[in-house]
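Colleague: Could you walk me through reading burial, helices and cavities in a model like this one?
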Amino acid sequence: MEEIFSFKVIHRDKRSRALTKANFGCLTGLYTLNITMGCSFSCAYCYARAYPNAPHQGIVELFSNLPKLLERELSSKRRKEWPDYIIMNTASDCFQPHPDILQITYEVMETLLKKDIGFSFLTKGFIPANFLDLFKKYSFMIKAQIGLVSLSNKFWKHFEPGAASPEQRLENVTRLKEIGIQPEVRMDPIVPFLTDGQEEVDKLMRALNERGIEA
C-alpha cells in the first residue's frame with residue numbers, strides 16, 4: 001500500500017474481464033473499461049461512491065494487470081469480434097494524479113489506439129503532455145469530455161477536492177483543441193443556489209466561448 005498525494009493506492013489484479021458491457025442507462029450494451037476502483041477526486045456528488053464494492057474514501061484500487069489482461073483478451077478473439085469503441089472509466093477517472101495510475105492508463109489507451117479501437121473519456125483531472133502526444137496521432141478516434149460545473153474555487157475545493165482546478169480544466173480544453181480534438185464540456189451536476197446563478201453561468205460560458213466551445 002502506498003500513500004501519495006493524500007490518497008492511498010492499492011495495487012491488485014483484476015480477476016474478471018478487462019472489457020465488460022454496461023447495463024445501465026444510455027450506456028447499456030456498450031463496452032466499458034475502468035482503470036481503478038474508487039477515485040481520488042472524492043467528488044461529493046459522485047454516484048460511484050455508493051456502489052457496494054466501492055473502497056472507502058481516500059482508497060483507490062488500481063488494476064495493475066490491465067494492459068496484459070486487455071492484450072490477452074483481444075488476442076483471443078478474431079479482429080472482427082473486437083469492439084469498435086470503448087467507454088473509459090464509467091466509475092472513476094482516467095487522469096488521477098498518481099504515476100502508477102497514469103502509467104496503466106497510458107498503456108491501456110495506447111493498446112486500444114494501436115488496435116484501431118476508439119474510446120471516449122470524461123475527466124475532471126489534468127491531462128499530462130505525454131497523453132496529448134499520443135492522442136495527436138489518433139485524434140479522430142477519441143472523444144473527450146471535460147467535467148466543469150463552476151469556475152469558483154470555493155465550489156471546487158468543497159465539492160471536488162481532489163480534482164484539477166477549474167483553470168487546469170480550461171487548459172485541457174485549449175490543449176485538446178490544439179491537437180485536433182474538439183472536446184465537450186459537461187456542466188453537471190447543477191447545484192441549486194450555488195452554480196445556477198446568472199452571473200456564475202455567464203462567467204463559465206464566456207470562458208468556454210473564448211476557447212471555442214459553444215453551448
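Modeller: Happy to! Let's start with Ser42, which is buried because its relative accessible area is 15%, and buried means under 20% (1.4 Å probe, protein chains only). This is a predicted model, where local features need pLDDT of at least 70, side-chain atom pairs count only at pLDDT 80 or more, and totals for chains, interfaces and linings use all residues. Residues are numbered from 1 along each chain as its sequence is written, and side-chain values use heavy atoms, with hydrogens and water left out.

Colleague: What does Ser42 touch, not counting residues up to four places away in sequence?

Modeller: Contact means heavy atoms within 4.5 Å. By that rule, Ser42 meets Arg49, Gln57, Phe159 and Pro161.

Colleague: Which helix gives the most to the largest nonpolar core?

Modeller: A nonpolar core is a set of buried Ala, Val, Leu, Ile, Met, Phe, Trp, Tyr and Cys residues joined through side-chain atoms within 4.5 Å. The largest one here has 53 residues, with Met88, Met109, Phe119, Phe121 and Phe135 making the most contacts inside it. Helix H2 (residues 99–114) gives the most to this core, with 8 residues; helices are DSSP runs of H or I, at least four residues, numbered from the N terminus.

Colleague: How does one check the span of H2?

Modeller: The expected span is 1.5 Å times one less than the number of residues. For the 16 residues of H2 that gives 22 Å, and the end C-alpha atoms are 22 Å apart, so the two agree. Just after H2, Asp116 takes a positive phi of about 60°.

Key: Buried means under 20% relative accessible area, exposed over 50%, partly exposed in between (1.4 Å probe, protein chains only). Helices (H or I, at least four residues) and strands (E, at least two) are DSSP runs, numbered from the N terminus.
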